[in-house]
Amino acid sequence: RSQFAAALWRQHSDRPAHSAGSEPASRVHPLAINVAAEFGVDLSRAVPAGYDSIVGKGDLIVSVCDRAREAGVPRARRHLHWSVPDPVTRGTVASFRSAFTDINQRVRLLAARD
């Protein structure tokens, strides 16, 4: 989900975005890569990273995973939480499309306010 959010933010804003998590996977899920490609977003080179990869304190952190939020996110001036169901749990193309669409709507709204 954070890979979707960061890639979509880069499409809708000139401000930088990074994806990081409390327990990053070893790779981006293949269905996430495929679904993003359906919508014209290239995640083929995306690499999951931990919070330690975030340099400095960003002005906004958006968490998209309930577990990550509960584990605690790095300090930031502002923090938003979007409770987006984990598509890996269901493991279907439909679940990944649903997550992508949800995140895309939220990113568009946030970018319009930026």
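Trainee: What span should the 21 residues of helix H5 (residues 93-113) have at 1.5 Å a residue?

Mentor: The expected span is 1.5 Å times one less than the number of residues. For H5 that gives 30 Å, and its end C-alpha atoms are 31 Å apart, which agrees. Helices here are DSSP runs of H or I with at least four residues, strands are runs of E with at least two, and both are numbered from the N terminus. This is a predicted model: local features need pLDDT of at least 70, side-chain atom pairs count only at pLDDT 80 or more, and totals for chains, interfaces and linings use all residues. Residues are numbered from 1 along each chain as its sequence is written, and side-chain values use heavy atoms, with hydrogens and water left out.

Trainee: Which residues in H5 are buried?

Mentor: An α-helix has 3.6 residues a turn, so residues three or four places apart point the same way. Buried means under 20% relative accessible area, exposed over 50%, partly exposed in between (1.4 Å probe, protein chains only). In H5, Ser 95, Phe 96, Ala 99, Phe 100, Ile 103, Asn 104, Val 107, Leu 110 and Ala 111 are buried. Seen down the axis, the buried residues of H5 fall within an arc of 165° (directions from the helix axis to the C-beta atoms), so they line one face of the helix. Ala 94, Gln 105, Leu 109, Ala 112 and Arg 113 are exposed on the other side of H5.

Trainee: What do the buried residues of H5 pack against?

Mentor: Contact means heavy atoms within 4.5 Å. The partners are helix H1 (2-12), helix H2 (30-38), strand E1 (60-63), strand E2 (78-81) and helix H4 (87-90).
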